[in-house]
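Biologist: I should like to go through this structure with you. Please explain each term as it arises.

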Amino acid sequence: MIQTRGERTFTVFSAVVMFLLTVFAFLPFLLIVIASFTNETTLIRNGYSFFPEHLSLDAYRYIKSSAYIFIRAYGVSFLVTILGTAIGLLITSMLAYPMSRSDFKYHNLLAFVVFFTMLFSGGIVPSYIMWTQYFHIKNTLWALILPNLLANGFNVLLVRNYFKNNVPLEIIEAAQIDGASELRTFFRIMLPLSMPVMATVGMFMGLAYWNDWINALYFVSKPQLYGIQNLLMQLMSNIQFLNSGQAGNVLGAESVSLPSTAVRMAMAVLGIVPVLFVLPFMQKYLTRGVIIGAVKG
Amino acid sequence: MTAKPKSKPLKKTLPLLILAGPGLLYFLINSYFPMFGVFIAFKDVNYAKGIFGSDWIGFKNFTFLFQTSDAWIMTRNTLLYNLAFIALGTIVSIIIAILMSELLNKLYSKLFMTGLILPNLISMVVLSLLVFAFLNADSGFVNHSILRPLGIPEINWYSEAKYWPYLLVLIQIWKTAGYGSIIYFASIAGIDKSIYESAKIDGAGKLKQIRMITLPLLKPTIIVLVLMSMGRIFNSDFGLFYQVPMNSGALYSTTQTIDTYVYRALMQLNDIGMSAAAGLYQSLVGFALVLTVNAIVKKVNPENALF
């Protein structure tokens, strides 16, 4: 396509604006990364800065020295993310499969049962009471996994749509004429043919688990069960406490040993790093996922 | 589909029902049981007597709730924030999508897109730390490196409610606009290039092409997406309004939404009845909104209706 001069100007303008927007989106991350490498006294004296006077690795040394707390939190986060995503994906796709089969008597009924959960909910209080009073998930690992398991019906409908639109019924019928059972058809044919949507939904689920802090806020009070996000939150509320001015009297000399601001920023960096590994995959599947998702349930 | 004799229906449906079983059971427990729990809003909950044994008090929880100023504030905040998010979010997302589609270098557009969706992938806890790095009173970037050098009096951000409507809107747009632009970007990519070619032959410049071709063709997508978000206008992102202002009491007048109120009433004030009443209020209005919006979408563009 040949560009006129006006068009070329516009293209250049677009590139410049997009560059600036991207920088704007990126700067806050840069600030905390730099802060995590800044010397604590510099941080207190000069504030957060993109060009700190003195750099230091102290924050990361501190993390290394009390590694067990961070390793435990990382462990909880990874365990919950992996378990939640694996179980969630399995149950989601198992439910989506019968829904996608237009020759299955109840496929519309199932779709409605899932869809209605997206329209109306009993609210947080009944859920909270149910999980705590009847299922006793408080202060267990299940508290971090169960309430988010199928998060909402959206993912199920997304997978259903993919199954329906991308795997022709003829393939399934052919397999079953050859004697494959439903289970076999599902695991040996449907799932292998649906890897793109599994990757997309798995990514959504994994991110949601990795970034979750609300379940622990409601259901967990034991620090041993804190994932990386909740550990960060705990450190945050300590900052608030210090800023409120009461800390001086209460903590006295102990306040010196509290983790520094730079440590909190280093923690935030460590919380983001796993997400960065997902980003390239995100890039690859996101557009597709968003578009599939936009198709009506 | 080939017509088959309807013999052995159970043998055919049973395996499929078994596959659906775990998921159905989960929705039953996690979504449907709590729906029946809405009666809690009409009870004076007393754990000693148990949920079922607690006394019925009719609409008293609601009467109390709507007599407080909280009810008005949280409703107003929820609605106004969502309106601002929808209006500005849509505009910024469309602008990003249009500019992005102009870039001829695929590597650049991929790079920019990656950078722009990154904010959407971080947790609210990390986001609140980012905001804290900019706004904390003593060493925050804004006070320390912008206001002080300019000689402007420093601001105690976490105790001044009046700034938060602007801050929260800015933060929300920063976090979501890049991600939100993806669907518009995809729609633009789907527009037939020959339409632009012929417009060019007719002498239309780039801006005119955007006004006369891109925007009109995006209109159905825009309308549907805006309507959809209208259906969720009574909901708010709990993390954004709780975590980012750090649940600071001084800010409640401009940061309290229905979601944060429900949490506070349940976990901090221990007022289960009031919390349940606020939750039911939110669910019912939300439900009515979704039905209304769906009816409108059905009129505008039947293909995009939810049901």
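Modeller: Helices (H or I, at least four residues) and strands (E, at least two) are DSSP runs, numbered from the N terminus. This is a predicted model, in which local features need pLDDT of at least 70 and side-chain atom pairs count only at pLDDT 80 or more, while totals for chains, interfaces and linings use all residues. Residues are numbered from 1 along each chain as its sequence is written, chains are lettered from A and ligands numbered from 1 in the order in which they are written, and side-chain values use heavy atoms, without hydrogens and water.

Biologist: In which loop of chain B is B:Met246 found?

Modeller: B:Met246 has a positive phi of about 55° although it is not a glycine. B:Met246 also counts as buried (under 20% relative accessible area, 1.4 Å probe, protein chains only; exposed is over 50%, partly exposed in between), because its relative accessibility is 7%. Its place is the loop between helix H10 (238-242) and helix H11 (252-255).

Biologist: What is the positive phi of B:Asn247?

Modeller: B:Asn247 is found in the loop between H10 and H11 of chain B. Although B:Asn247 is not a glycine, its phi is positive, at about 50°.

Biologist: How many residues does the contact take from chain A and from chain B?

Modeller: Contact means heavy atoms within 4.5 Å. By that rule, the contact takes 104 residues from chain A and 94 residues from chain B.
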